[in-house]
Structures are given as structure tokens and as C-alpha cells.
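This report describes the fold, the interior and selected backbone features of one protein chain. Please consult the sequence and the structure shown below while reading.

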Amino acid sequence: MKGDSPVKVVVVGGGSSYTPELVEGLIAGYAALPVSEFCLADIPAGKAKLAAVAGLGGRMIEKAGLADRIKITQTLQLREALPGADFVISQFRVGGLAARVRDERIPLQYGITGQETTGPGGFAQALRSIPAALDLARAIERLCPAACLINFTNPAGILTEALCRYSTVRTLGLCNIPLTMRKTAAAFLNVDPERLSLQFTGLNHLSFITRAVLDGEEITDQLLASPAAIHFFLHDLPGVEESEARALLNGLRLIPSPYLRYYYFPEQTYRAAAAQAASAGTRGEQVAAVEAELFALYADPSLDSKPPQLSFRGGACYSAAATRLMAAVYSDEPSEHVLNMPHGGAINEMPAGAVVETNCLVRGSSAAPLSGGALPLAARGLIQQVKAYEQLTVEAAAEGDRRKAYLALLNHPLVKGAAVARSLLAE
């Protein structure tokens, strides 16, 4: 992509409460990514939310003194949004938060944690989202085939695999977790995050830090021994002793992402989720309450900055990750990013073409995984099993194959046998 031309960014799911985060990132990164049009697209049911987000975004841009440079537009027609797009950001949720709440509550009946991206909840969301993602890809192929699609839609790794397998659109999957982990680790070490380099390997929401380097010096053992390593997956999980967590880390010699709690402490995470659902409501129900407050704020014509309440919504570092990636694609300066994309031979233990989450080198139109070595034996079996589940889920959704959907659940480590897999699929 030419690095001196104006940029059009289209956000599919533009009425999301996350969008002001992205506006903030684009304003901060304008020098590196001169966005000329920021187009928010959504479905008719989201018309009111879209208008509120677009209004706030416009006021934020005006406050930053960029109103004469960045035009913010909105539309309920995808075919109006896509022509001329350089980047398309996917951040939609099929079925909205009501579907998320079902995804969280149904697994609890089977003694399984209900979570929007991991386990049966993530499976259900993938089945709803993959057909919509492929519809979006076909529209991009027709209307802006040179655009880069950045997928944030969850479950991000599974959707990115579907897009890479069943479309010709250039797709890069992005998650905020690796960047958040780097910032958190840097805070514990009391250093600037830019000085710290972390090597990730695995899958989206199932990745591990295998190596840490500070100012060119390896500090993996130091980070592993620090409170940060436990904080990532234990900071709000009751029922797990710190000594047990430390024993896990000492055995793995790897630093798991926060979502590994569901696999390594399944009973504790289930009990915590069930207790939360019974008392304060599921995470989806809590988010729905926060969103009602957020959109009331967004509609206030005096608000011209991101409200602090948005921090509870999640997605920390989301806008920084997106803006930094788009700037790398836009320019010709090489930079390293943790992405979801086909491993291209960088991880030989994974199936050909499989999407992984790992460090990648991005330079203009080129993006390629950087080899971090073989998958650690301590985590290899889990990663390979979940990848089998992911690939079966992709095929089930893309091909409408119920047998593969059953096999996907049967292969997921959190699903307790064939009878539970069959019942979950029916629900």
C-alpha cells in the first residue's frame, strides 16, 4: 500500500460500544496513518447505536482539531461502505448480547464454564458468526478486493481461519490480549513496554509466552518467577492457591495467557462462573447493563471524549493494536506484531494452512509468521487438540455439516464426553 495517500477505514459493526476506543487510536496515530474517511457500517437494528457512536466520534475528531482531515460517515448498507476501502475492520456480534448470554448460561447446565470465546459458548458464537464473516468476505471481493480485512470478531482465531480457507480476502486476525500481556508484564517489571519483547506461540485465547527479552537480554526465567506470570490467569480466580499456580508455571516453563485458566483449572473456573451467574449475572448480562449506560452517554451532545466507563467493557489496548497494525500495512517500515494468520511452515507441528497466534513481521503488503521454534511439548497436545476442534467448527459452519459440528464439540477438552457433546449441539 502506498504510504503517502489518504486512507479509508471501514468498521463493520461500527455501532459497537468499542468504536470510540478505535476513534481515539486513529486520532493518536494520525501521523502514521492519515485516515481521510472513517466509515461506520452496521445493520438496521443497530441504527440508534450507530448514530450515537458516529456523533461521539465526530466530536472526538473535532476536539482533536482533525475535523478538516478525517471525515466520519455512517451507513446501514454494506455496499455503500466498502467501495474505496483500504482497511475493513470486522467487530460484529451476530445475535447481539442476548445470544452471548445464552452462550454463557447453557454450558453451566452441564458443569462447563460458559464463556463467549472458549468451549461450547465460543463454538455457538462461531457457528453464528462464520456465515456472516464469509458474506462480508464475498462483498469485499466484489467491492474492494485490494482491502486488508482486520478481524476482531470473536472467536477471532476461528473466524480468521474460516476467512483464510474460504475466501481470497487478505485477512489478518488481531486480539488485544498479547499487547495487554506485554503492558502488564512491563508494569510488573517497572520498565517501558517498548523495551520488552515477548514471543507468543499457540492459538487465539490459547497462547503461551515462550521467551521474554528486555533490551536485548533474555529474561524469560525472571518473568516466569515474577508475580506477573501468576497475575495473568489467577488475579480474579477464587479457589486456586498461589502455590498451585506456581507449581503449574514451574512445570510448564511457559507463561500462559489468561484464557488458559479454563483448561488448567476447569472446576474452579466453572464454580466461579456459576456463582457469578447466580449473583451478579453472567459477564454478558453485566456488559449489557454497562452498554445501556455507555450509549446514554454517547448520545449526550456535550460528550467529546471516551468515557471512563468504557474500561469495564473490556478490550484494553484494542485501538493501539489496530492502529499500529494498519500503520505497518500502510507504510513500508517493517514491524513485529502478534497476529492470527496461517503459520506458513513456521510451526511444523500444526496442520498445513492452520491459523495460529504468533509473532509476525509486517511490512506493507507482506506479513509472515516468525519462527519461534517447535511447539513446546508441555503444551503441544492441548494446542493440537483445540486446533482440531477449531478446524471442525470452521468446516461445520462453512459447509452446514451437523456431523462435523458434533465432532467439533467431541474434540473440545472442556466437553465431557459424547452424550454431553450431543446434548449441547441440540441446545
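## Structural report

Thr-358 counts as buried, at 3% relative accessibility; buried means under 20% relative accessible area, exposed over 50%, and partly exposed in between, with a 1.4 Å probe and protein chains only. The model is a predicted one, in which local features need pLDDT of at least 70, side-chain atom pairs count only at pLDDT 80 or more, and totals for chains, interfaces and linings use all residues. Residues are numbered from 1 along each chain as its sequence is written, and side-chain values use heavy atoms, with hydrogens and water left out.

Thr-358 belongs to strand β12, residues 355-363. Helices (H or I, at least four residues) and strands (E, at least two) are DSSP runs, numbered from the N terminus. Apart from its neighbours within four places in sequence, Thr-358 is in contact with Gln-199, Phe-200, Thr-201, His-337, Val-338, Leu-339, Pro-369 and Leu-370, where contact means heavy atoms within 4.5 Å.

**Overall architecture**

The secondary structure of the protein consists of 17 helices and 13 strands. With a radius of gyration of 21 Å, close to the 22 Å that the globule rule gives for 427 residues, the protein is as compact as a globular protein of that length. This radius is taken over C-alpha atoms, and the globule rule is 2.2 Å times the number of residues to the power 0.38. The C-alpha trace spans about 55 × 50 × 40 Å along its principal axes. Among contacts between residues at least 6 apart in sequence, 71% join residues at least 24 apart.

**Interior and surface**

Of the 427 residues, 56% count as buried. The largest nonpolar core has 89 residues, and Val-88, Ile-130, Ile-140 and Leu-206 are those with the most contacts inside it. A nonpolar core is a set of buried Ala, Val, Leu, Ile, Met, Phe, Trp, Tyr and Cys residues joined through side-chain atoms within 4.5 Å. Leaving aside neighbours within four places in sequence, the contacts of Ile-130 include Ile-158, Leu-159, Ala-162 and Thr-393. A second, separate core of 48 residues includes Leu-26, Ala-52, Ile-150 and Phe-152.

The protein exposes about 17,100 Å², of which carbon and sulfur atoms supply 52%; accessible areas come from the Shrake-Rupley method with a 1.4 Å probe.

**Loops and backbone features**

Most residues other than glycine have a negative phi, and most peptide bonds are trans. A cis peptide bond, with omega about -10°, joins Asn-154 and Pro-155. Pro-155 is found in the loop between β5 (148-151) and α6 (156-166).

Asn-190 has a positive phi, near 60°, and is not a glycine. His-205, also not a glycine, has a positive phi of about 60°. The table gives the location and relative accessible area of these two residues, together with Ser-371.

| Residue | Loop | Relative accessible area | State |
|---|---|---|---|
| Asn-190 | between α7 (177-189) and β7 (196-203) | 70% | exposed |
| His-205 | between β7 and β8 (206-214) | 7% | buried |
| Ser-371 | between β13 (366-369) and α15 (377-399) | 55% | exposed |

Ser-371 also allows a comparison with the site of the cis bond. Its C-alpha atom and that of Asn-154 are separated by 25 Å, and the two residues are 217 residues apart along the chain.
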